[in-house]
Amino acid sequence: KETEEVFKVKKSSYSKKIVKQLKKEYKEDLEKSKVRTEANSPTDVEPPLEKAGLIKDINQEDGTANSEQGEEEMEVESEKEEEKPKAGGAFSSALSSLNVLRPGEIPDAAFIHAARKKRQMARELGDFTPVDSEPGKSRLVREDENDASDDEDDDEKRRIVFTVKEKSQRQKIAEEIGIEGSDDEALGAGEQDEELSRWEQEQIRKGINIPQARICQPAEVNNLYYQNTYQTLSYGSSYGIPYTYAAYGSSEAKSQKTDNTVPFKTPSNEMTPVTIDLVKKQLKDRLDSMKELHRANRQQYEKHQQSREDSTKAIERLEGSSGGIGEQYKFLQEMRGYVQDLLECFSEKVPLINELESAMHQLYKQRASRLVQRRQDDIKDESSEFSSHSNKALMAPNLDSFGRDRVLYREQVKRRTAEREARRARRRQAREQTGKMADHLEGLSSDDEETSTDITNFNMERDRILKESSKIFEDVLESFYSIDCIKSQFEAWRSKYFASYKDAYIGLCLPKLFNPLIRLQLLIWTPLEGKCRDFETMLWFESLLFYGCEEQEQEKDDADISLLPTIVERVILPKLTVISENIWDPFSTTQTSRMVAMVQKLVDGYPSVVNAENKNTQMLLKALLLRMRRTLDDDVFMPLYPKNILENKNSGPYLFFQRQFWSSVKLLGNFLQWCGILSNKTLQELSIDGLLNRYILMAFQNSEYGDDSIKKAQSVIACFPKQWFANLKGDKTISQLENFCRYLVHLADTIYRNSIGCSDVEKRNARENIKQIIKLLASIRALDHAVAVANDHNVKELKILIEGK
């Protein structure tokens, strides 16, 4: 609160305090001058300020209480002093120094007295010219008007004052120092500016020194405020005034001023005595420190040198490789764009290739199904024609035993019979021309001849598919469908930047990339036809044959080495699977031989096909087995006729029986051609259990016992693979052939019994047939049965027969 009261003090109060301080200083100066005057000239005039009555005002403790009275006394005394003429040395010296007073210098008492006398003399001589240009106005009136103008507006006209107004303290001081109207105004304006500037700076200093003001007692707030404000700066140094005033406040307040200065300690001049050892020690220490510093700097220098060399080498290496990296980046960007375009092209063309491939497979499947269906119809027609069993009483008159329209069925049978006989006649004529008629047996030929209409339709549809396939890539650049162009792109990548080529797994992607293009070239390829071209002679195979084969040593895990085996696995095997399931006819020895040769070639030449875990290989073998089982269930038929019917070798039933028997033997041979590809267990189940024991042995029992039966048995045994019996131990053959061995033993006994009572020639023929049976048993490693037959019929050449098996 005390600080806030200090801040609320008006500027006018500051002016009064400053004047009071000036009067106090004037009094001190006057006393000093009086002492000097008394010492020098005792008869000198009295100090003018004593006569002026200023001491009375200065000695007052409270300047504000009697301010008005002091001002009146000062004015009266000043008028009295003006009337007294003064002379003396002090006056003349002060008068002479009026012109040498420097600007801003505060005059002393002698100077003020001289100035007052000079002004009085000018009045008496009439040379004084008032500043106010209006006549009849005194200085007091003018000053009153100036004071009044502070309270009134500038636009109002000044009034004529008829009474003498009380002078202000500022005007009284101005009169004391001898400054008139213009000087008074100038003094007032200058003081006003100085007071305003002081007031602003004092407010700033008070804000800085607030904690010091609060420490003081309330009665000394004003004195301590000014004391703390001006204790460090002199009046002249703060406001540019050469004269320095004393600090504000009473002497008691001055004594209470705190000294914040720090005493400066003068350094001692005492020094440690210098000796040679001390100097040597200091020099040695300094030398050691410099050596240590030099050693550290040397290590740092060597480190920087090594770093610089490494950086230089790295820069050279990077500068040398920057060009290659730029070229590599450019090449890889081009390959990226090429591969993207290639994949977009394939995404559009591959569905078309799949459709054409499916259409071609469907075309071959229809032809194969038509031939199989024709063979099944011929067997049914012949079987029904020579069958002696019919139940006409249970059927309607116009229906046969199968519930078919008898008239329509007979017409179809006649047409099929005529076509069948015509085909047989053409085959017989062709055998006569080639000289194979004597060795041919009915039923061994494959009835796969087609009519001209079927051939024409097949060829037209195949040509249409081929024509469509040639149009697939007609709107595409060669670089996107030619295997050579595509291969050259990736070969360039492999040869230039093998690391990135390997990181991109291109070797694993190429088989899938070439897959649609290779399938398009294999569109009409089927190994079942004699004119079919080997896939290893095709353009795609020759183009990719040496891909990835370079002069330098290749890595073991290089995927490009197995490019062709992978393509064969992913393209050839699926196509063979479709052919085996839908096109291959197991009754056809030619197709079976070609199919077996193709699969065996893949097994021998491509290791990925042999792998049992290969999915495509497993699918191919499964398709082969399914097709063989379907043929065994649907196409094999063995008729049963009485022996009296079969005695006529020119009859239709006998010919039909022989044809079916030999077709079954042919099928047995076709099944056993897969030995080495399919497992022995699977083949034995299909060929021996499913075909020999179920159908062929039934025909043996109905056949004539003699040379014909032995010939048929030889044909059956000739179909068995020799490797089945090569590793057998003991005297017994494989378990599935036990029924066949027993039949051969029974055949030997029957031949022997039929020869009893016959001529010697017939007995000799019977004995030769028995020896032949022993040979057949020995050939299939049925030694126990061979020894039994030899013992039963007194055959002494057993060892020779077994060894000559």
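# A walk through an all-helix model

Begin by selecting N794, which sits in the loop between α33 and α34 (798–803). This is a predicted model, so keep that in mind at every stop. N794 has a positive phi of about 55 degrees, although it is not a glycine. Most residues other than glycine have a negative phi. With a relative accessible area of 57%, N794 is exposed.

**One loop back**

Now select R781, in the loop between α32 (760–779) and α33 (783–792). Here too phi is positive in a residue other than glycine, and for R781 the value is near 65 degrees.

Next, pick R753, in helix α31 (residues 738–755). Its relative accessible area is 49%, so R753 is partly exposed. Add A766 to the selection and draw a distance between the two C-alpha atoms: R753 and A766 are 13 residues apart along the chain, and their C-alpha atoms are separated by 9.2 Å.

**Zoom out**

Before going further, show the whole chain as a cartoon. How many helices and strands does the protein chain have? There are 34 helices and zero strands. The protein chain holds 805 residues, and buried residues make up 40% of them. Among the contacts with a separation of 6 or more, 73% are between residues 24 or more positions apart.

**Two helix pairs**

Two packed helices are described by the angle between their axes and the distance between the axes. Try that with helix α22 (residues 563–582) and helix α23 (residues 589–605), whose axes come within 12 Å and cross at roughly 160 degrees. An angle over 145 degrees counts as roughly antiparallel, and therefore α22 is roughly antiparallel to α23. The crossing of these two helices, α22 and α23, is left-handed.

To see what fills the contact, show side chains for V568, I572, L573, L576 and S580 of α22, together with M595, M598 and L602 of α23. Colour the residues of this α22 and α23 contact by class and you will find seven nonpolar, one polar and no charged.

For the second pair, select helix α18 (residues 483–496) and α20. Their axes are 11 Å apart, and α18 and α20 pack at an angle of about 170 degrees. That makes α18 roughly antiparallel to α20. On the α18 side, the contact is made by I483, I486, K487, F490 and W493. On the α20 side, show I506, L510, L513, F514, L517, I518 and Q521. By class, the contact of α18 with α20 has 10 nonpolar residues, one polar and one charged.

**Salt bridges**

Stay with α20 for a moment, and select R519. Which residue forms a salt bridge with R519? The partner is E357, and the closest N and O atoms of the pair are 2.6 Å apart. R519 lies in helix α20 (residues 506–521) and E357 in helix α15, so this salt bridge ties together parts that are 162 residues apart in sequence. Is R519 buried or exposed? R519 is buried, with a relative accessible area of 14%. E357 also counts as buried, at 13% relative accessibility.

Now move along α15 to D378. The side chains of D378 and R420 meet in a salt bridge, with 3.0 Å from N to O. R420 lies in helix α16 (residues 406–434) and D378 in helix α15, so the pair ties together parts that are 42 residues apart in sequence. Both R420 and D378 are buried.

For another kind of pair, select E302 and R298. These two form a salt bridge, with the closest N and O atoms 3.8 Å apart. E302 and R298 are four residues apart in helix α15 (residues 276–386), and therefore separated by about one helical turn. Switch on the surface to look at how accessible they are: at 46% relative accessibility, E302 counts as partly exposed, and R298 counts as partly exposed at 46% as well.

**Last stop**

Finish with a group. Select R367, R370, E450, D454 and E529, which are linked in a network of salt bridges. If you would like to look for others, the count of salt bridges comes to 24.

How values were computed: Residues are numbered from 1 along each chain as its sequence is written. This is a predicted model: local features need pLDDT of at least 70, side-chain atom pairs count only at pLDDT 80 or more; totals for chains, interfaces and linings use all residues. Side-chain values use heavy atoms; hydrogens and water are left out. Axes are lines fitted to C-alpha atoms, for helices over the stretch in contact, and angles run from 0 to 180 degrees between N-to-C directions. Angles under 35 degrees count as roughly parallel, over 145 as roughly antiparallel, 65 to 115 as roughly perpendicular and the rest as oblique. A crossing is left-handed if the near helix is turned anticlockwise from the far one by less than a right angle, and right-handed if clockwise. Contact means heavy atoms within 4.5 Å. Ala, Val, Leu, Ile, Met, Phe, Trp, Tyr, Cys and Pro count as nonpolar, Asp, Glu, Lys and Arg as charged, and the others, Gly among them, as polar. A salt bridge is a side-chain nitrogen of Lys or Arg within 4 Å of a carboxyl oxygen of Asp or Glu. Buried means under 20% relative accessible area, exposed over 50%, partly exposed in between (1.4 Å probe, protein chains only).
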